[in-house]
Amino acid sequence: MSENPDIEDASYVHAADYYNGRDAGHLIRYLWRRPSDKRRPRGDGPASWRTIPEHHRLGDSQAFTAEADSRTAAVWEYHKRRGTTIAANRAPWAASYVHIVISPANRADLEPGQIAALAEPWITDADGRTLPHVGAVHTDGRRGVHLHVAVARDKFSRAELADLQTATRGMSRQMAREMERERTQEITRGMAHDRG
């Protein structure tokens with residue numbers, strides 16, 4: 001993903017790995033509960049944790065968990081019936097969920113709520129339906145504000161990824177332009193008020 005400064009990562013969890021600490025419950029805890037200070041030295045006493053506020057969260061954790069569990073079970077059952085190795089299945093439908101990290105190049109110009117809105121094209125299917133998902137805006141760490149989104153769906157194709165990356169870039173640029181326009185209008189109104 002290095003060629004796109006807006007998308008840090010777009011990966012997926014294979015059904016074969018789902019029960020090895022990569023299930024929906026583990027992911028949700030990672031997204032919604034963060035260490036208070038990630039820069040503290042290891043072994044320097046017990047870590048303190050904070051909960052991501054609800055207005056920085058996305059999605060429905062129960063719906064996402066149910067769909068990710070169901071997808072995973074279906075893949076395992078498919079291979080059990082056939083007596084085949086699940087880990088060898090590289091079909092897009094063998095994904096339990098996909099995980100995207102969005103860190104817009106212009107994130108310093110955006111509000112957390114705007115960054116959260118960048119999830120929309122990633123969580124919507126071709127028919128316009130919202131897919132089961134969870135996510136959170138994180139403001140900690142060296143990368144600054146960024147968005148994690150996990151969606152219970154097939155692995156993205158190369159064409160889908162390219163389209164979604166383009167959409168994300170366009171949305172973030174448009175948001176920044178709108179904010180700049182609003183700031184300019186506010187300054188103009190202030191100047192008019194002072195003259196009046």
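This is a short tour of a predicted model, with stops at a strand, its two neighbours and a pair of helices.

**Stop 1: strand β7.** Select residues 146–151, which form β7. Six of the six residues are buried, that is, under 20% relative accessible area, so the strand is largely enclosed by the rest of the structure. Now colour the two faces separately. One side carries His146, His148 and Ala150, and the other carries Leu147, Val149 and Val151. Both faces are covered.

**Stop 2: the partners of β7.** Add residues 95–102, strand β5. β5 and β7 run antiparallel and are joined by five bridges. To see a bridge pair, pick Ile102, whose partner in β7 is Leu147. Next add residues 133–138, strand β6. β6 also pairs with β7 in the antiparallel sense, over six bridges. Here, select Val134 and look across to Ala150 of β7, which stands opposite.

**Stop 3: helices α1 and α2.** Hide the strands and show residues 24–32 (α1) together with residues 61–82 (α2). Two packed helices are described by the angle between their axes and the distance between the axes. For α1 and α2, the axes come within 10 Å and cross at roughly 145 degrees. The crossing is right-handed. To view the contact, show side chains for Ala24, Leu27, Ile28 and Trp32 on α1, and for Ser61, Phe64, Thr65 and Ala68 on α2.

How do the residues of this contact divide into nonpolar, polar and charged? Six are nonpolar and two are polar, with no charged residue in the contact of α1 with α2.

Technical notes: Residues are numbered from 1 along each chain as its sequence is written. This is a predicted model: local features need pLDDT of at least 70, side-chain atom pairs count only at pLDDT 80 or more; totals for chains, interfaces and linings use all residues. Side-chain values use heavy atoms; hydrogens and water are left out. Buried means under 20% relative accessible area, exposed over 50%, partly exposed in between (1.4 Å probe, protein chains only). Helices (H or I, at least four residues) and strands (E, at least two) are DSSP runs, numbered from the N terminus. Two strands pair if DSSP finds at least two bridges between them. Axes are lines fitted to C-alpha atoms, for helices over the stretch in contact, and angles run from 0 to 180 degrees between N-to-C directions. A crossing is left-handed if the near helix is turned anticlockwise from the far one by less than a right angle, and right-handed if clockwise. Contact means heavy atoms within 4.5 Å. Ala, Val, Leu, Ile, Met, Phe, Trp, Tyr, Cys and Pro count as nonpolar, Asp, Glu, Lys and Arg as charged, and the others, Gly among them, as polar.
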